[in-house]
Amino acid sequence: MKTMKAKGAVIHAIGEDWKVEDLELDEPGENEVLIKVMASGLCHSDDHFVTGDIPVTLPMIGGHEGAGIVERVGSKVTRVKPGDHVATLFIPSCGTCRYCARGQSYICNNGAGMEHGLAMDGTPRFHLADSGAGIGGVTRLGTFSNYLVCHETQTVKLPEDIPFELACLVSCGVATGYGAAVNGAKVRPGDVVLIVGAGGVGMNAVQGARHAGADHIIVVDPVQYKRDRAPEFGATDTFASLEEAQSRIDSLTNGQGVDSAIITVGRVDGEILGAVFDRVGKAGICILVSVGSYDRSLSVSPQDLTNFAKSIKGVMYGDCNPSVDIPRLLQMYVDGSIKLDPLVTRTYSLDEINQGFADMHSGANIRGVLVHDH
Ligand SMILES: NC(=O)c1ccc[n+]([C@@H]2O[C@H](COP(=O)([O-])OP(=O)(O)OC[C@H]3O[C@@H](n4cnc5c(N)ncnc54)[C@H](O)[C@@H]3O)[C@@H](O)[C@H]2O)c1
Ligand SMILES: [Zn+2]
Ligand SMILES: [Zn+2]
């Protein structure tokens, strides 16, 4: 198959740095789209591929929170056309599987097998230029490459007047965080909401809770910079730890616990989940967005779940239907209902990608955004 040249950041082995490499990229198949990637958010999920918390086939091109321009399309593509601005979807939205058909595209059946990063037909589109080895792109995307090929069901057309470095955030962090509050926790006017972890996803959970009408949005994050910035997005109270937040939670809820809590820490474990769950009140819900390992270390009292009619719910992609929700979120941005500009703390060139992740780990960024050179 005819190939073209690309350049992207590859992870070769667990714990290693990202390596910027020359790549060869196959032409799009009949249902595929060649995207000139303009910008990609540095989402913490990409780091889970590096730590091994999310096991994927290595080596692999990173990046899933992308936006770009359609360069070419396969003969059977109907969703987008050359020149369209698009967001990349880290879960496909096929529209016809059991889940898409009932409005749950965030768990589309075509998400199966994405840990290999290969195209839907099981073959690679990326090849390392030096060895010729075929490799996958994270979630069948690979937005840390300046060009990628993906299935048309992993694209949503974007309005053309929104800068790529803002639009890319909506393809993961904004949809995930906003949706965790609005669709997952179903925050109601007057609610007391606890949000644990105020990064690229958590700040959007704060925005979602505010937009849904919560009166009190308590943010917990150990990093001072995140606590300083959280009120811009709607936080009413900020604390460095759950322990420090306790007396405020008690005073706002008469000791009952919050209406809902949303976990958006960088890496979750059973202990954090248990500690947050314990601060949720009767009939309240604890939403888990964060990723951790596959261990089974949940520390939650079964009695509390039953006796107090509490829930724990995992939320993928903010329980969103991206074909509907991505344009809707961008319209909310245009209307001033949610903010995107202050989410971008710093932009990076491809060569600076390891600095971008170092800044994520040190807590320097709400979101770092990789801007590709073209
Ligand atoms: N479910 C999904 O669909 C989905 C989508 C995107 C991201 N994620 C996951 O969501 C999580 C957050 O991603 P992100 O990109 O916002 O990460 P991030 O690194 O930008 O933000 C994480 C924040 O958590 C804070 N934090 C760390 N430990 C904490 C603790 N013990 N208590 C309170 N705060 C703590 C950090 O200071 C940071 O501000 C990651 O695990 C990511 O993989 C899930
Ligand atoms: Zn993400
Ligand atoms: Zn589907």
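Start by selecting strand β1 (residues 3-11) and strand β2 (residues 19-26): they run antiparallel and are joined by eight bridges. Strands here are DSSP runs of E with at least two residues, helices are runs of H or I with at least four, and both are numbered from the N terminus. Two strands count as paired if DSSP finds at least two bridges between them. Zoom in on K5 and you'll find E24 of β2 standing opposite.

Before moving on, a word about what's on your screen. This is a predicted model, where local features need pLDDT of at least 70 and side-chain atom pairs count only at pLDDT 80 or more, while totals for chains, interfaces and linings use all residues. Residues are numbered from 1 along each chain as its sequence is written, and chains are lettered from A and ligands numbered from 1 in the order in which they are written.

**The barrel**

Now add β7, β8 and β4 to your selection. Together with β1 and β2 they close into a five-strand barrel, in the order β1-β2-β7-β8-β4, with mixed pairing. As background, strands of a sheet pair through backbone hydrogen bonds, either parallel or antiparallel.

**Strand β18 and its partners**

Next, pick β18 (residues 367-371). Is it enclosed, and why? Four of its five residues are buried, so the rest of the structure largely encloses β18. "Buried" means that 20 or more other C-beta atoms lie within 10 Å of a residue's own, "exposed" means 12 or fewer, and "partly exposed" is in between, with C-beta atoms placed from the backbone.

Add strand β3 (residues 32-41), which pairs with β18 in the antiparallel sense over three bridges; look for G41 opposite V369. Then add strand β17 (residues 344-348), which runs parallel to β18 and is joined to it by four bridges. Here Y348 stands opposite L370. Follow the chain from β17 through helix α10 (residues 353-362) to β18, and you trace a right-handed β-α-β crossover. Right-handed means that, with the strands pointing away from you, the path from the first strand over the helix to the second runs clockwise.

**Some backbone oddities**

Select L58 and P59: the peptide bond between them is cis, with omega near -5°. P59 sits in the loop between α1 (44-51) and β4 (60-61).

Now try R140, in the loop between β8 (134-137) and β9 (147-151). R140 isn't a glycine, yet its phi is positive, about 65°. Buried or exposed? R140 counts as buried, with 29 C-beta neighbours inside 10 Å.

A283, in strand β15 (residues 280-288), is also not a glycine and has a positive phi of about 60°. A283 is exposed, with 10 other C-beta atoms within 10 Å.

**Two domains**

Colour the chain by domain: domain 1 is 3-158 + 340-371 and domain 2 is 178-316, with bounds from an automatic or database domain assignment. Their C-alpha centres lie 29 Å apart. In all, 16 residues of domain 1 are in contact with 14 residues of domain 2, contact meaning C-beta atoms, placed from the backbone, within 7 Å. On the domain 1 side, the largest share of those residues, three, comes from α1.

While you're at α1, click on F49. F49 is buried, with 23 C-beta neighbours inside 10 Å. Leaving aside neighbours within four places in sequence, F49 touches I11, I54, V56, M60, G62 and V138.

**Helix α5**

From F49, jump to Q224: the two are 175 residues apart along the chain, and their C-alpha atoms are separated by 27 Å. Q224 and D228 are exposed residues on the face of α5 turned away from its buried side. Which residues of helix α5 (residues 224-233) are buried? They are K226, R229, A230 and F233. Look down the axis and these fall within an arc of 125°, so they line one face of the helix; the arc is that of the directions from the helix axis to the C-beta atoms. They pack against α4 (202-211), β12 (216-220) and β13 (237-239). Just after α5 comes G234, with a positive phi near 130°.

**Last stop: the core**

Finish with V193, one of the residues with the most contacts inside the largest nonpolar core, which has 111 residues. Such a core is a set of buried Ala, Val, Leu, Ile, Met, Phe, Trp, Tyr and Cys residues joined through C-beta atoms within 7 Å. Helix α3 (residues 164-184) gives the largest share, 13 residues, and each of the two domains supplies at least three.

How values were computed:
Contact = placed C-beta atoms within 7 Å.
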